[in-house]
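Ready for some practice at reading a protein structure? Work through each task on your own, then compare your steps with the solution.

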Amino acid sequence: MTERYLCLHGHFYQPPRENPWLEAIEVQDSAAPHHDWNERVTAECYGPNARARIMDDDWHIMEIVNNYARTSFNVGPTLLSWLEAKRPRTYAAIIDADAESAERFDGHGSAMAQAYNHLIMPLANARDRRTQVRWGVRDFELRFGRRPEGMWLPEAAVCLDTLEALAEEGIRFTVLAPHQAKAVRRADSDEDWQDVQGGNVDPSRAYRCPLPSGKSIALFFYDGPISNAVAFEKLLERGERFKDRLMDAFDDGRQHPQLVHIATDGETYGHHHARGEMALAYALRHIDDDPSVTLTNYGAYLERHPPELEVQIIEDSSWSCVHGVERWRADCGCSTGRPGWHQRWRAPLREALDWLRDAVAPGFEEALGALVDDAWTARDAYIDVIADRSTDNVDRFFAEHARSPLTADDRVKALRLLELQRNAMLMYTSCGWFFDELSGLETTQVMRYAARVVQLAGTVLDLDLEGDFVERLANAPSNLPRFGDGRGVYDQLCRPARIDLERVGAHHALSALFRPDHAPHDIYCYHVDQTEETRCERADARLVVGRTRVCSRITGSSQRVVYAALHLGGHDLSGGVRAEGGEDDLEGLRDALIPCFEHGEYSRLVRAIDQAFPGRVLTLRALFRDEQRRTLDRLLAMERAKVAEAYDAIYDRAAPLLRFLSSLGQPAPLTFRRAAEVVLDNRLQRKLEGDLPTADSVRALLDEADAMGIELDLEPLRYQLGLALTRASAALREDPDSLPALERFAGAVRDAAAMPVGVDLWEAQNTWFALDEQRDARDDAWRHTFDGLREPLEIHRAGEAA
C-alpha cells in the first residue's frame, strides 16, 4: 500500500464590516441577539472550532480540542484584526494552533496567508495585486511570527499574473478547485499536455505550475465531490459518516503517495451547519488514530513529495462561479437565488470603482512622492502602520520612508493619502458583487469605502470627484424601486454615513447630555480632549455648552469645535456644533444660551441655538448608531413603563377569563391574547434587567404563558444566562486557586442548569476543562466542588465507558 495522507482546509473569512469613518462595526439588527455578524459567526464557528467537543454515547463531553491545530486553515487578515480586538481568546487559540501544528507536521505550520482584503485578484491591476500579496504576507508575519508558505486566493480566483505575484513574494503553493486545472504532463518533459478540463485532474497529488517569468509555484486541487458534500449535502450531520467519506476517497490503484484533501469555507463547520465543528473534531480524532493514514498539511506534504507533474491553469477561473470571474463583473447568472432579480448592476459598479481608482492614482503618486522616497513602496509598507497605529510605530514608518523629517501637517497629509489608497482597495472586497442586490449590506459597504476615497481625494488632493462618480453609479440598476439605481443607493445609504471631525464633535455634544464628566475619551477611532464645558439642569431639562478638540487616531488630523446640546425631555434632543471661531467664541455662546435656560425661556433658547449654529442644528440622528440605540433606550424607558402599566392592568383583569377559556379549549379574543403576550414577555424582560431570575420564577412565568397558549421569546433569557456564565468563568480564570471563586462559578452553573430553558454552557465547559489540567494540585475541598460540576456541565466521568 502506498503512503496515504489526509488534509482538511478551512477558509475562514468575513468581509470587513467596519464603518469606514469609525473603523468599527456598528450594531447590525439582523445578527441579534449578537451585536453584529462578526460576533454571531464567532459564537457559532470561530470560537467553537478553537474548543471543539468530542462526545461520548450519552452526549457528554469527553475532550475539548483545537480543530485548527490538526487542519490546514487561513483566516482573513481583516477578520484576524477584529478577533484580536474583540475576541482575544479565540484569536490566541488560532495563533497557538499554528505553532502546535508546526510541531505536529515536521515544522510546517498549518496556517496559510490570504490576499489582504479578499478582492478578486485577476480583476485587480498589477499594483493592487502586488500590494494585496505583500500586505497579506506581512500581516501573517506579524501575527504568526513566521513567513507563510502558502496563500489562499480570494474565491480561489486565479490567473498567471496572480500566481506570478505570489511567486515573487516567495509563496510556495496555493489551493484551487479541480475545475480550474486545464492540462497536465510530467514535469520538465516535452510530453504532450493531457487535457483535464471539467474537473478531471487527479486531486491526490501536488503539481508544479511553470510561470512565464521562469518561476514556478506548487498547486493543489482539492477533492471537489467531497468538498461539495461537506458544504451542501449535509455530510457533517454525523462525524462517523464524514470520516468514512474521507477514507473512502483513497484509491489502492494509485502508485504515488496520495493526498486526500478538501477545501471549504471554514464557516461550514458550525455557522452554516450547526455542530459541524463537532463532526470535524470526531473525524480528525478517529483518522488520527488510524495507522493507515497520516494527517498532514500542504507544506509538510510538499516537502516530502515534491511535484512530479506540472499543470496549466484555466485563466480567470474561480471556485464559486462556473463562468470564471464573471460573478464579480457581470450578470452571469450566478447569484444567491432571489427569483426575478437581476445583477446587471455588477459591471457598472466595477466600472465606476475602476474609474475612481484611476482618477486618484496620479494625484496620490505626485502628492505622496513629494513627501516620501517612493509613493507605491510606502503604500506596500503601510501595512505595518495598519497593524500598529501607535505614535512610536508611525514615527518608525516615516523615519524609513520620508525624504526628510515631516512637519505635523505633512504627516497628516501623508497618512490621509495612504488611507485613501487603503480604502481604494477595500472598495473591491469581493462580497460586494457576490449577492443579489445593489443596495445589500455588502455592496453598500464597498460603496461606502468608495465614498471615503471621494472624501479624502477632495480633502488632500483638492479633487471634486463625487459628481462624476455618482453619474457612473447611475448606470447600475437596482432591483428595488426605492433606490432606482446606484445614484439612489449612494444618496440614501452612503452619503448620509459620511463623517468628518465636526460630526464627531456633534456626537460628543449630544452624548454629553448623559455623560457624567468631560474627561478625555475615545469615540471609536477619534480622541476627544481639552474639553471645557458648562452644564445646566432644571427639572427634566438639561443644557450643555462647551468646546473640545477632536483628533483622528488614524490620520492625526484634529479640529477644535464649540457646541451646545439641549434635552427638554422625551426624545426631544437638539443642539449645534461648528468649528471654533476664536478664544471668545465659547464665552459668547454661553452668554447667548445660558440665561435663556435659567429663566425657562425654552422657545427663545431653541431659536438662539438655531442662530448660533446656522445650518448645523443637531437631532438624535447626529449620534452614531450604537449610542443612538442606547440613548433611545434610555429616553423611552419611562414611556415603555407607562405602556407596560396599561397592559398590566388589562391583563390582570382579563387573566382569570383567559385561563378559563384555555381550560375549555376555547380561543381567547385576539385583543386579550395580544395583551397577554405583551405583558408576559415584558415580565420576562424585566426579570433580566437586574440580577438573574431564579429557575422557579422563570418556570412559573413559563407555566403561566403555557396556560394561556402563549409562546414567549426565550432567546434573550438564554443569551443573558450565557453572559452570566461567561462572567463567572472569567472571574474563576483570573483567580483559579480561590475556593470562593470556584463556589461562585459552581453556583452560576447550577442556577443555569436548573433553568427550564436550554442554556449555553459552552464557556463554562471550556473553563472546567482548562482548570482540570491542574486539578491534582488543588486541595480536597477545591477538588470536591470542582468534581461536582461534571453532571451539570454534561462532562464525561472518568472510568465510564464511552
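The exercises below concern a predicted model.

**Exercise 1. The whole protein**

Task: Find how many helices and strands the protein has, and decide how its radius of gyration compares with the globule rule.

Solution:
- Step 1. Begin with the secondary structure, which comes to 28 helices and 20 strands.
- Step 2. Take the radius of gyration, 30 Å, and set it beside the 28 Å that the globule rule gives for 802 residues. The two values are close, so the protein is as compact as a globular protein of that length.
- Step 3. Look along the principal axes: the C-alpha atoms fill a box of roughly 95 × 75 × 60 Å.
- Step 4. Turn to burial and surface. Of the 802 residues, 56% count as buried. The protein exposes about 34,500 Å², and carbon and sulfur atoms supply 47% of that area.
- Step 5. Finish with the contacts that have a separation of 6 or more: 68% of them join residues 24 or more positions apart.

**Exercise 2. A strand and its partners**

Task: Work out which strands pair with β1, and in which sense β1 and β12 run.

Solution:
- Step 1. Locate β1 at residues 4-12 and check its cover: nine of its nine residues are buried.
- Step 2. Sort the side chains. Arg4, Leu6, Leu8, Gly10 and Phe12 point one way, while Tyr5, Cys7, His9 and His11 point the other way, and all are buried.
- Step 3. Follow the pairing with β12 (residues 258-265), which is parallel and has eight bridges. Here Cys7 has His261 as its bridge partner.
- Step 4. Move to β4 (residues 72-75), joined to β1 by four bridges and also parallel. His9 is matched there with Ser72.
- Step 5. Add β13 (residues 294-295), which runs parallel to β1 with two bridges. In β13, Leu295 is the bridge partner of Leu6.

**Exercise 3. A helix and what follows it**

Task: Compare the reach of helix α16 with the expected value, and decide whether the helix is enclosed or open.

Solution:
- Step 1. Note that α16 covers residues 441-460, which makes 20 residues.
- Step 2. From its first C-alpha to its last, α16 reaches 28 Å, close to the 28 Å expected at 1.5 Å a residue.
- Step 3. Consider burial: 15 of the 20 residues of α16 are buried, so the helix is largely enclosed by the rest of the structure.
- Step 4. Look just past the helix, where Asp462 follows with a positive phi near 55°.

**Exercise 4. One buried aspartate**

Task: Describe the surroundings of Asp139 and decide whether it is buried or exposed.

Solution:
- Step 1. Place Asp139 in helix α4, residues 126-144.
- Step 2. Its relative accessible area is 5%; buried means under 20%, so Asp139 is buried.
- Step 3. Find its polar partner: the side chain of Asp139 makes a polar contact with that of Arg143, at 2.8 Å.
- Step 4. Beyond neighbours within four places in sequence, Asp139 is in contact with Pro77, Tyr116 and Ile383.

**Exercise 5. Unusual backbone angles**

Task: Where do Ala539 and Lys234 lie, and what is the phi of each?

Solution:
- Step 1. Recall that most residues other than glycine have a negative phi, and most peptide bonds are trans.
- Step 2. Lys234, in the loop between α6 and α7, has a positive phi near 60°.
- Step 3. Ala539 sits in the loop between β16 and β17, and its phi is positive too, near 60°. At 82% relative accessibility, Ala539 counts as exposed.
- Step 4. For a peptide bond, check Ala32 to Pro33: this bond is cis, with omega near 10°. Pro33 lies in the loop between β1 and α1.

Definitions and conventions. Residues are numbered from 1 along each chain as its sequence is written. This is a predicted model: local features need pLDDT of at least 70, side-chain atom pairs count only at pLDDT 80 or more; totals for chains, interfaces and linings use all residues. Side-chain values use heavy atoms; hydrogens and water are left out. Buried means under 20% relative accessible area, exposed over 50%, partly exposed in between (1.4 Å probe, protein chains only). A polar contact is a pair of N or O atoms within 3.5 Å; within protein, one must be able to donate a hydrogen and the other to accept it, and residues adjacent in sequence count only if both atoms are side-chain atoms. Contact means heavy atoms within 4.5 Å. The expected span of a helix is 1.5 Å times one less than its number of residues. The radius of gyration is taken over C-alpha atoms; the globule rule is 2.2 Å times the number of residues to the power 0.38. Accessible areas come from the Shrake-Rupley method with a 1.4 Å probe; for residues, only the protein chains shown count as cover. Two strands pair if DSSP finds at least two bridges between them.
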